[in-house]
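Reader: I would like to learn how to read the packing of a chain like this one, feature by feature. Could you show me the structure, and then take me through the helix contacts before anything else?

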Amino acid sequence: MAAQGQYQELARQLSAIGAVKRELGRILPHDCPPASVGVLTILDRYGEMRMSKLAELLMIDMSVTSRHVAHIAERGWIEREPDPLDKRSRLLRLTTRGRELLAELSVRYTDSLARYLDDWSDDDVGRLNELLAKLHESFGDCRTRAHQEPTRTDAARTDVTRTETTRTSAGR
């Protein structure tokens, strides 16, 4: 297991990734914020789905999901069709324009990363990819985990509550 200082440095480095993501976000078209790219990417990866499933995968509220969907539908990047199994629901799917946008963004991201990392060796880029994949795998599916595991703060509160309950019970 790594030393505490190494974990603290890792936390700082992971925070710094926000700056990298913001810089990469600057290459997006003005009418395509990062959240829209997230929606399009999920629809590309998983195929057509209901808005409720999209909200679950994005881990955001339905009202926020609805705004994102409206934004990208207005631009013709997705279509909303009635669900044949439940006419009250809509199925979301990428359009040809949406797929073309994702392809364009993939080129932009790749070119941008190549420019920023032009002094990195192929081995360094490969090692970073491996380590980021390993990090992602270690965290697993955070959507299910967030609802199951108490946070460190929650565990501390539980310990305090147990201690207070024990004191109160002992004092009776």
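Author: Let us begin with a pair of helices in this predicted model: the axes of α3 and α4 come within 9 Å of each other and cross at roughly 105°.

Reader: How is the crossing angle of α3 and α4 to be described in words?

Author: Angles of 65 to 115 degrees count as roughly perpendicular, and therefore α3 is roughly perpendicular to α4. On the side of α3 the contact is made by Met-51, Ser-52, Leu-54 and Ala-55, while α4 contributes Met-62, Thr-65, Ser-66 and Val-69.

Reader: How do the residues of the contact of α3 with α4 divide into nonpolar, polar and charged?

Author: Five of them are nonpolar and three are polar, with no charged residue in the contact of α3 with α4. One of the polar participants, Ser-66, has its place in helix α4, and its C-alpha atom is separated by 8.6 Å from that of Ala-55, 11 residues apart along the chain.

Reader: Is Ser-66 buried, exposed or partly exposed?

Author: The cut-offs are under 20% for buried and over 50% for exposed, so Ser-66, with a relative accessible area of 34%, is partly exposed.

Reader: What should I look for in the loop between α3 and α4?

Author: In that loop you find Met-59, where the backbone angle deserves a look: phi of Met-59 is near 60°, which is a positive value in a residue other than glycine.

Reader: At what angle do α2 and α4 pack?

Author: The angle between α2 and α4 is about 85°, with their axes 10 Å apart, and by the criterion already given α2 is therefore roughly perpendicular to α4. Here Ala-35, Ser-36, Val-39 and Leu-40 of α2 meet His-68, His-71 and Ile-72 of α4, a set that divides into four nonpolar and three polar residues, again with no charged one.

Reader: What is the general idea behind looking for a nonpolar core?

Author: In soluble globular proteins, nonpolar side chains tend to be buried together. In this structure the largest nonpolar core has 21 residues, of which Leu-40, Leu-43, Leu-54, Ile-78 and Leu-92 touch the most other members. At least two residues of this core are supplied by each of α2 (34-46), α3 (51-58), α4 (62-74), β3 (86-94) and α5 (96-116), and the largest share, five residues, comes from α2.

Reader: Which residues does Leu-92 touch, not counting those up to four places away in sequence?

Author: Leu-92 touches Leu-43, Gly-47, Glu-48, Met-49, Arg-50, Met-51, Leu-54, Val-69, Ile-78, Glu-79 and Arg-80.

Reader: Where does Thr-95 lie, and with which residues is it in contact, leaving aside its neighbours within four places in sequence?

Author: Thr-95 lies in the loop between β3 and α5, and its contacts, with those neighbours left aside, are Gly-76, Trp-77, Ile-78 and Glu-79. Its relative accessibility is 15%, so Thr-95 counts as buried.

Reader: How many helices and strands does the protein chain have, and what share of its residues is buried?

Author: The chain comes to eight helices and three strands, which follow the pattern α-α-β-α-α-β-β-α-α-α-α along the sequence, and of its 172 residues 20% count as buried. Among contacts between residues at least 6 apart in sequence, 49% join residues at least 24 apart. As for the surface, the protein chain exposes about 12,800 Å², and carbon and sulfur atoms supply 53% of it.

Note on methods: Residues are numbered from 1 along each chain as its sequence is written. This is a predicted model: local features need pLDDT of at least 70, side-chain atom pairs count only at pLDDT 80 or more; totals for chains, interfaces and linings use all residues. Side-chain values use heavy atoms; hydrogens and water are left out. A nonpolar core is a set of buried Ala, Val, Leu, Ile, Met, Phe, Trp, Tyr and Cys residues joined through side-chain atoms within 4.5 Å. Buried means under 20% relative accessible area, exposed over 50%, partly exposed in between (1.4 Å probe, protein chains only). Contact means heavy atoms within 4.5 Å. Accessible areas come from the Shrake-Rupley method with a 1.4 Å probe; for residues, only the protein chains shown count as cover. Axes are lines fitted to C-alpha atoms, for helices over the stretch in contact, and angles run from 0 to 180 degrees between N-to-C directions. Angles under 35 degrees count as roughly parallel, over 145 as roughly antiparallel, 65 to 115 as roughly perpendicular and the rest as oblique. Ala, Val, Leu, Ile, Met, Phe, Trp, Tyr, Cys and Pro count as nonpolar, Asp, Glu, Lys and Arg as charged, and the others, Gly among them, as polar.
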